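Reader: I would like to go through this model one step at a time, with the reasoning behind each answer. Please begin with the contacts inside a chain.

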Amino acid sequence: MTTLALTGSPLWYASRAGGTLALVLLTATVVLGIASGGRAAPRRIGRFEIGLLHRDLSLLTLVFLVVHVVTAVLDPYVHLGWAVSVVPFGASYRPLWLGLGTAALDLLLAVLLTSALRLRLGVRRWKAVHWLAYAAWPLALFHGAGAGTDTRLPLQLWLYAGCLAAVVAAVWWRLAKAGPGRVAGRLLAATAATSVPVVLGAFLVAGPLQPGWAQSAAAATLSLGGAR
Amino acid sequence: MTRIRNLRVDRLACTGRGLCAELLPELIGLDEWGYPVLKDRTVPAHLRAHARRAVTACPRLALHLDRVRP
Amino acid sequence: MNRPVPPLRPDGHGAPPPGGPGDVRLLADWYATGRPATLADHLERHGPPPVTAADGSPPSVPLVEAVEAAGLTGRGGAGFPTARKLRAVAGRRRRAVVVVNAMESEPASRKDQFLLAVAPHLVLDGAVLAASAVGADTVHVCLPRDRPAQYRRMDAALDERRRARLDRVRLLAHALPHTYVSSESTALVHWLNGGPARPQGGPPGNRERGVDRRPTLVSNAETLAHLALIARHGPGWFRRLGTGDEPGTLLVTVAGAVADPGVLEAASGTPLATLLGRAGGPTEPLGAVLLGGFAGTWLRAEHLHTPLTRRDLAPLGAAPGAGVLVALPRSACALTETARLLGYLAAQSARQCGPCRLGLPAVAEDFTVLATGRADQVLLSRLRHRTALLPDRGACRHPDGAARLAASALDAFAEDVGHHLAHGPCPAARRPPRIPVPPATPPETWR
């Protein structure tokens, strides 16, 4: 079994830590966003405080994402160019799984940029882009599971389980609190939320948790991006 | 000559979340259903920063601060 | 208006301006002939709309100045100065659009329907003249879908004009869903733009960005008919009737406990009692009148000597509104009638804004409890509080109107309120209601 490798470049440690922290912070951001979107009013904390917390967590996520990306690119062990940070599926190392992370980062940058300019954009355009965050989060999760080197560690698996549980619980809580109407959209949300852990679980069992995964992952490409 | 700033709620956008009343209770109250009641439209100079914060905090971007020529 | 206004060039037909015995102008032809005016009748009596003079040049006095000098104000209920509206739309760069508001969503009002039935071409002339004044190339006539006969007649009238090649602008008729708020000007424009007929608020308003994002003039049908006559006979003629501040005539629908309910034309400033007299007089002793429409105000019978002007009615908290006067007999229960009106108004909300969607039905419910004699002082205070929170908190003035009605009822019938609180419902509350109110059901469609 794989043990926590204590040898290797400090940049690699920083990248793993940064990535994991970013995922946890992103999960917290998303959970707060889901929970505060409905009509339910918090009791002991102000609504504006939750809003500020949501915003601050998203900024912290960005900070650790930057650490994660910069250290990964600088790490001599894998040859990644700077373009990889924003152009998906073009990497030479596990291009598919890395690409998911790049895509997630792109979406998050779009969300952050539009949020900064939301007063100019108007609520409709701002909200439309903001919904992309719902796509960014599972992308980040699959990126971590597929491209991460710690996927097999029980601690990491528990972490993924925790993030999944938090988001799914938040979605179900929000749906439960909601009033009547909009059945179609809500059914879609419920199914999507439940399907993410199922698909991730299946992927993990079939993929990274199988022996020999790392080698096949290195070779896996997307016909679009393509590696060497 | 200081310009006057007036509060305006876009009633079509507002869904009664209430963040504005939390951040500017001097000028904005809430009715029994959680929708804003403007106690006073004009924002005095000492509350202007709070008013701007309330405008930014609204998740529906329903609160506006209009510049009015006196 | 200190500058003397030069006379308009004659229309070439030499027809004397309307305004013989009585205050009849818009309805003059109707009273003279007893039948609706065809295009031929109209042209013979009034001539073509003086968009240009006989030699094709523009009229010597721009229409906007004439309307301003005449002091014409909107007849749709709001009473906004028409010249100011014309100037606002004309002053913008893009090509404008004119919308004729012939919806008449006020259930108690009949004046616009009547005017369109007997003198449609006066209304259409006004629209065409307004179009030339603001630089518009299209006129949209908005009619309610549930009056198919009226729509057919309008279609026929437009056809007549097209065959006679009378107008240089394009005139189109539309059949809109008929709800109480669909006749609001931003609702009309939104429907014309392809959306539901729900008020859209602002800024910017219709005058800046309306149909196809173009500056749009939305005007009531009756207002345009007056405009058509001012263009021919001048502001001086218009000012010969009415008061100095509020000149001209207006159409009034008189209904309720009168012998001859219907639409009549009266000079501004006519006392309300005179209007009731011209409608045959009260059939039984009156307790009060409802003035302005469902979203209007109650006036006790002792105020019936008041002239029909904004200035005289304002101290009583009332206004002419859409020219509706409903006479309520003393034997009726005004609180029950008001509760039914509020129920209707609540059901007709566009349900877009929280204060109207939630607050207005709550007021209607509380009022019903009061009218059925099950209320206590706590409920009454709550009713007053909720009513005070309705005005100026929606995208349109629908909740304001309902609040006005409720507050005026509590004020005018304070004695009855006290009686209902202390002794339960009055005997009149159990009798059939006197004011016809459509069913309080939400609209089926907005599109």
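Reader: In chain A, what share of the contacts with a separation of 6 or more comes from residues 24 or more positions apart?

Author: Please keep in mind throughout that this is a predicted model. Chain A holds 9 helices and 0 strands, and buried residues make up 30% of its 228 residues. Among the contacts in chain A with a separation of 6 or more, the share that joins residues 24 or more positions apart is 68%.

Reader: How many Å apart are the end C-alpha atoms of H2(A), and what span should its residues give?

Author: Helix H2 of chain A covers residues 47-74. Because each of its 28 residues counts at 1.5 Å, the helix should span 40 Å, and this agrees with the distance between its end C-alpha atoms, which is 41 Å.

Reader: Which helices do the buried residues of H2(A) pack against?

Author: The buried residues of H2(A) include A:Phe48, A:Leu57, A:Leu65 and A:Val69, and also A:Arg47, A:His54 and A:His68. Their packing partners lie in two chains: in chain B they are helix H1 (19-23) and helix H2 (48-57), and in chain A they are helix H1 (10-36) and helix H3 (95-116).

Reader: Which element gives the most to the side of chain A that touches chain B?

Author: Between these chains, 9 residues of chain A are in contact with 10 residues of chain B. Two elements of chain A, helix H2 (47-74) and helix H4 (118-121), give two or more residues to that side. By class, the side consists of 4 nonpolar, 3 polar and 2 charged residues. The element that gives the most, with 3 residues, is H2(A).

Reader: How many charged residues are on the side of chain C that touches chain B?

Author: Here 11 residues of chain C are in contact with 8 residues of chain B. When the side that belongs to chain C is divided by class, there are 5 nonpolar and 5 polar residues, and the number of charged residues is 1.

Reader: Why is one side of S3 and of S4 in chain C left without a neighbour in the sheet?

Author: The sheet in chain C is open, and its 4 strands pair in parallel in the order S3-S2-S1-S4. Strand S3 (170-176) and strand S4 (216-220) therefore have one side free, because each stands at an edge with a single partner strand. For S4(C), the pairing with strand S1 (residues 96-101) runs over 5 bridges, and the bridge partner of C:Asn101 in S4(C) is C:Asn220.

Reader: What angle does the direction of helix H7 of chain C make with that of S3(C)?

Author: Helix H7 (residues 148-163) packs on the sheet, where it touches strand S2 (136-144) and S3 of chain C, and its direction makes an angle with that of S3(C) of about 175 degrees. Helix H8 (residues 185-192) lies across S1, S2, S3 and S4 of chain C, and runs to S1(C) at about 115 degrees.

Reader: Which strand supplies the largest share of the side of domain 2 of chain C that touches domain 3 of chain C?

Author: The domain assignment places domain 2 at 249-329 and domain 3 at 334-430, and the C-alpha centres of these two domains of chain C lie 22 Å apart. Across the boundary, 11 residues of domain 2 are in contact with 12 residues of domain 3. Strand S7 (286-291) and strand S8 (297-300) each supply at least two residues of the domain 2 side. The largest share, 4 residues, comes from S8(C).

Terms used: Residues numbered from 1 in each chain as written. Chains lettered and ligands numbered in written order. Predicted model: local features only at pLDDT ≥ 70, side-chain atom pairs only at ≥ 80, totals over all residues. Pairing = 2+ DSSP bridges. Contact = placed C-beta atoms within 7 Å. Axes fitted to C-alpha atoms, helices over the stretch in contact; angles between N-to-C directions. Nonpolar A, V, L, I, M, F, W, Y, C, P; charged D, E, K, R; others polar. Domains from an automatic or database assignment. Buried ≥ 20, exposed ≤ 12 C-beta atoms within 10 Å, placed from the backbone. Expected span 1.5 Å × (residues − 1).
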